[in-house]
Amino acid sequence: MNLNELAKSINDIAINHGFWEDDRGFGEVIALIHSEASEALEEYRHGHEFDEVYYGVNSKPEGIPIELADIIIRVLDFCGMAKIDIHTAVHEKIEYNRTRPYKHGGMKA
Ligand SMILES: [Mg+2]
C-alpha cells in the first residue's frame, strides 16, 4: 500500500466515524496534528521509553510510538480529504534533501 492508498484508507475510516461532518479549517487541521506531537512529548515527560507501547482503558494503545502514529494518521487523513498526492510529495522532498549540502549550509538542526 503506498502513502496515497494509506491516506485514502485512513480518510475513509475518519469519514465513517463522522470526523469530517463539520467543515474543518486548515488551521484546525494543523492544530490537531500539533496536538499529537504534544501528546508524544507528554508521554516522554511521563518517563515512557521511545519504543514503549502500553495499553490503557479498553486496551487502547498508548505511548510515544502511538502518538507518532497519530501524527502520521492526522497528516494522511487530511491528504486523503484534500486529494493531495503525498506519496509523490514525500519522494520528491526526499530526493531534494539528498542533494542539499551538509547541514544545509550551516543549520544546527
Ligand atoms: Mg494521540
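The following paragraphs go through a helix pair, a metal site, a loop arginine and two residues with positive phi in a predicted model. Because the model is predicted, local features need pLDDT of at least 70 and side-chain atom pairs count only at pLDDT 80 or more, while totals for chains, interfaces and linings use all residues. Residues are numbered from 1 along each chain as its sequence is written, and side-chain values use heavy atoms, with hydrogens and water left out.

Helix α2 covers residues 26-45 and helix α3 residues 64-82; their axes are 8 Å apart and the packing angle is about 170°. Helices here are DSSP runs (H or I, at least four residues), as are strands (E, at least two), numbered from the N terminus. Axes are lines fitted to C-alpha atoms, for helices over the stretch in contact, and angles run from 0 to 180 degrees between N-to-C directions. The angle makes α2 roughly antiparallel to α3 (over 145 degrees; under 35 is roughly parallel, 65 to 115 roughly perpendicular and the rest oblique). Contact, meaning heavy atoms within 4.5 Å, involves residues of α2 including Leu-32, Ile-33, Glu-36 and Glu-39, and residues of α3 including Glu-67, Leu-68, Asp-70 and Arg-74.

The magnesium ion is coordinated by Glu-36 (OE), Glu-39 (OE), Glu-67 (OE) and Asp-70 (OD), at 2.1 to 2.2 Å. Donors are N, O and S atoms within 2.8 Å of the metal (3.2 Å for Na, K and Ca); water is not among the atoms, so sites may look incomplete. The donor residues follow the spacing E-x2-E-x27-E-x2-D in sequence. Glu-36 in helix α2 and Asp-70 in helix α3 are 34 residues apart, a pair that links distant parts of the chain. Glu-36 is buried, at 6% relative accessibility, and Asp-70 is partly exposed, at 22% (buried is under 20% relative accessible area, exposed over 50%, partly exposed in between; 1.4 Å probe, protein chains only).

Arg-24 lies in the loop between α1 (3-16) and α2. Its side chain reaches the backbone oxygen of Phe-19 at 3.2 Å. Beyond its neighbours within four places in sequence, Arg-24 is in contact with Phe-19, Val-29, Leu-32, Arg-74 and Asp-77.

Most residues other than glycine have a negative phi. Asn-58, not a glycine, has a positive phi of about 60°; Asn-58 sits in the loop between β1 (54-55) and β2 (61-62) and is exposed, at 77% relative accessibility. Lys-103 also has a positive phi, of about 50°. Lys-103 belongs to helix α5 (residues 103-106) and is partly exposed, at 47%.

Terms used
Polar contact = N/O pair within 3.5 Å; in protein donor to acceptor, adjacent residues only side chain to side chain.
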